[in-house]
Amino acid sequence: MHILQVAVAAPAHSDLPPTLSYTSERTLAIGSLVRVSLGKREVLGIVWGDGESNENPKLKAIEGALGEIAPLNAAWRALIQFSARYYQRSLGEVALAALPPQLRELDALQLAKRMKRKPKEDTGSDEKANATNSVALSAEQSLAIEKFFSEKKAAQPALLFGSTGSGKTEVYLRSVARVLAEDETAQVLIMVPEINLTPQLQSRFTERFAAEQIATMHSGMTPAQRLKAWLLAHSGQARIILGTRMSIFASMPNLRLIVVDEEHDASYKSQDGARHSARDLAVMRAKLETEHNEKPCNVMLGSATPSLETWQACEAGRYQRLEMPSRIGNALLPKLKLADMRLPPRGTLFAPQLIAVLQERIARGEQSLVFLNRRGYAPVLACDACGWKCECPHCSAYRVFHKSDRTLRCHHCGHTERVPRACPECGNMDIQPVGRGTQKIEEQLAVALGEDAKRPDGSPIIIRRIDADTTKHKGELEAQLAQVHAGDVDVLVGTQMITKGHDFRRITLVAAIDADAALFSSDFRAPERLFALLMQAAGRAGRDAGSAASQMWVQTRHPDHPLFAALAKHDYAGFAKQQLKERTQAQLPPFSYQALLRAEARTQVVAQAFLQAAQEAAGDLAGEQVVAFPPVPMSMQRVADVERAQMLLESPSRVALQNFLSQWLPQLRALRSLPQCKGLIRFAVDVDPLLI
Ligand code: ADP
Ligand code: ZN
Ligand code: ZN
């Protein structure tokens with residue numbers, strides 16, 4: 001009798017140990033998939049270790065092994081182990097969530113059938129000559145690739161810091177081609193923020209690597225498609241895996257290269273489950289693959305506006321920086337124009353100058369892009385008359401306006417006050433949330449542009465809105481983008497989704513309707529996100545060298561804000577320097593480490609009482625290195641009748657915070673039985689939260 005330690009899906013901080021023991025008649029390799037009974041159910045498990053073969057009559061035997069599927073390798077298991085420990089989840093929860101759902105549901109016979117289906121026909125070795133490297137690389141592209149493959153210390157992560165339109169995709173393609181050519185078993189992983197937003201990237205990979213099996217992985221796929229893609233990657237048949245954040249956990253036995261495109265994008269951070277950062281895990285995975293396999297695995301993070309975490313890692317010499325400052329064909333970046341919204345009457349949606357330039361562009365047959373970025377910002381109150389804003393007296397943060405109880409609360413230190421009746425500075429009675437706007441921008445723009453605006457051929461202008469509503473159905477986004485590319489649209493209106501990644505050739509003007517909500521947000525990362533958003537948006541304009549006069553317009557009541565000065569110079573480095581200075585002074589990430597404990601309950605009082613009790617439980621554990629701030633309601637305080645509260649934990653030391661969390665969290669389950677915690681629904685921790 002052999003004893004196996006098996007990881008099964010069990011929530012963190014349940015009473016179950018990390019792995020459960022089962023017996024097996026024959027030995028099974030570590031990493032093998034098995035079916036075991038757990039309570040009354042039969043579930044999928046992963047063999048995580050083996051024990052001595054001592055007879056224990058209480059142990060159950062495994063129900064069966066999925067012998068058709070090769071064991072998950074050591075590097076993959078190390079990634080899971082790291083992820084579970086770092087994000088404070090149970091091993092089984094992370095491991096099983098990383099597998100395609102159908103693997104958990106299908107029986108051995110069904111699986112065997114799936115695996116027999118032949119993937120893409122092998123087109124024969126003649127045609128397998130993939131890389132039709134038609135374009136000649138620019139000097140900057142060549143240099144970046146050379147540096148990436150030569151100068152690096154073993155598996156040092158690299159940041160491809162390339163302007164919008166500098167040709168980062170071509171660098172990815174060539175790097176992939178090189179890795180695949182050097183080793184016929186090599187696999188590569190290309191991660192993108194949102195698969196629907198980057199159909200161009202996907203098609204460029206499928207065109208360039210026509211002879212390769214490419215597996216895509218994203219949440220829009222059916223369970224059957226996900227299983228198929230997973231099996232292709234796991235068996236090594238797919239050498240290119242293209243996916244969103246979920247693909248970081250794909251099993252790839254010969255992984256040699258990971259590319260993270262638009263590495264600054266917030267969608268790499270998952271907002272449920274273990275709340276991992278796929279970008280951070282990509283860096284860790286490359287390290288673990290290198291340690292566990294014979295050949296190294298490299299990682300390339302690409303962005304024109306890197307996250308400050310990544311930028312700081314370059315500054316500190318931990319990451320290698322590959323720079324591509326020029327745009328392909330020497331196209332110029334657009335010129336920044338600020339429309340001072342203090343000048344027109346209050347409530348004006350579009351500055352008159354902006355309308356005038358839009359009309360000019362339309363008359364010349366050029367396209368414009370107008371976007372609103374009002375999603376996801378916690379409301380901050382401001383006085384239009386004197387410029388007062390609801391700053392926290394104790395922190396360099398704005399307090400969040402909580403409508404339900406009309407309070408202003410600091411999400412950093414917890415300081416709370418009732419909303420003042422009038423502006424504390426000037427007595428103005430009309431204090432309002434920053435960033436009022438409209439959903440009806442499309443209609444209002446048509447009105448503002450007026451009847452007179454005509455296309456060069458005299459026909460009426462065409463305004464097209466692209467946002468989550470107009471692209472709900474499959475293929476809609478592609479169809480709408482095709483219209484833009486074909487020149488059938490004069491003004492493209494949308495949310496920030498249209499500002500990312502698209503290679504628009506004819507757009508010469510981009511306008512941000514309302515930047516101020518992000519300028520004065522309670523979230524210390526808001527300026528970083530705004531800068532990235534505006535740079536990316538600007539990057540959609542003037543991608544053809546011919547369009548020398550491209551412009552980026554920003555409507556703001558704060559034209560003197562230093563962020564705009566840096567933006568005008570397209571000076572990411574300068575902006576990063578100034579932000580990092582502020583972050584050092586305030587001891588904020590990347591110079592400190594954070595975690596959020598969130599609680600959901602029937603009432604706000606209970607949610608906060610639980611956090612309060614948790615804070616008391618922290619007691620001596622926290623030591624001097626970890627600070628637990630008081631509980632506050634979340635900015636989205638109430639969702640579907642559930643009250644939500646959160647508590648911030650901060651430490652200058654990542655290790656100290658990790659140690660603290662791993663000792664503290666297991667104690668919290670017991671607090672549920674306290675009388676004041678009756679009505680608690682759930683709690684969870686978010687390590688390295690992006691929104692606080
Ligand atoms: P980025 O991702 O850096 O914003 P892209 O990869 O979208 O830039 O490249 C911008 C444009 O330049 C694309 O249309 C691409 O096909 C083109 N391009 C890239 N590299 C070259 C090259 N070496 N020669 C000619 N065109 C190129
Ligand atoms: Zn005032
Ligand atoms: Zn405060």
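The shell around ligand 1 pulls in at least three residues from each of two domains, namely domain 2 (125-328) and domain 3 (331-375 + 438-584). Everything described here comes from a predicted model. The shell counts 18 residues, and A136, Q141, G165, T169 and D503 are the ones that come nearest to the ligand. Sorted by class, the residues around ligand 1 split into 4 nonpolar, 8 polar and 6 charged. As for secondary structure, helix α6 (residues 168-182) supplies the largest share of this shell, with 3 residues.

Polar contacts to the ligand come next. Q141, already listed with the residues that come nearest, places a polar side-chain atom 2.8 Å from a nitrogen atom of ligand 1. On the oxygen side, an N or O atom in the side chain of K168 sits 2.9 Å from an oxygen atom of ligand 1. The backbone joins in too: a polar backbone atom of S166 is 3.3 Å from an oxygen atom of the ligand. As for how much of the ligand is covered, ligand 1 taken alone exposes 560 Å², and the protein buries 78% of that.

Away from the ligand, there is a neat bit of parallel pairing. Strand β8 (residues 214-217) and strand β9 (residues 240-243) run parallel and are joined by 4 bridges. Within this pair, M217 stands opposite G243 of β9. Add helix α8 (residues 223-234), and β8, α8 and β9 together make a β-α-β unit that is right-handed.

An antiparallel arrangement turns up elsewhere in the chain. Here 5 strands form an open sheet, and their order reads β2-β1-β4-β3-β5. The edges belong to β2 (20-24) and β5 (64-65); each has a single partner strand, so one side of each is left without a neighbour in the sheet. Inside the sheet, strand β3 (residues 33-38) runs antiparallel to strand β4 (residues 41-51), with 6 bridges joining the two. One of the facing pairs is S37, which stands opposite E42 in β4.

Two spots in the backbone deserve a quick look. Most residues other than glycine have a negative phi, and most peptide bonds are trans. Q88 goes the other way on phi, with a positive value near 60°. This residue is found in the loop between α1 (74-86) and α2 (91-97). The other spot is the peptide bond from P589 to P590, which is cis with omega near 5°. P590 has its place in the loop between α17 (572-586) and β24 (593-601).

How values were computed: Residues are numbered from 1 along each chain as its sequence is written. Chains are lettered from A and ligands numbered from 1 in the order in which they are written. This is a predicted model: local features need pLDDT of at least 70, side-chain atom pairs count only at pLDDT 80 or more; totals for chains, interfaces and linings use all residues. Side-chain values use heavy atoms; hydrogens and water are left out. A residue is near a molecule or strand if one of its heavy atoms lies within 4 Å of it. A polar contact is a pair of N or O atoms within 3.5 Å; within protein, one must be able to donate a hydrogen and the other to accept it, and residues adjacent in sequence count only if both atoms are side-chain atoms. Accessible areas come from the Shrake-Rupley method with a 1.4 Å probe; for residues, only the protein chains shown count as cover. Ala, Val, Leu, Ile, Met, Phe, Trp, Tyr, Cys and Pro count as nonpolar, Asp, Glu, Lys and Arg as charged, and the others, Gly among them, as polar. Domain bounds come from an automatic or database domain assignment. Two strands pair if DSSP finds at least two bridges between them. A crossover is right-handed if, with the strands pointing away from the viewer, the path from the first strand over the helix to the second runs clockwise.
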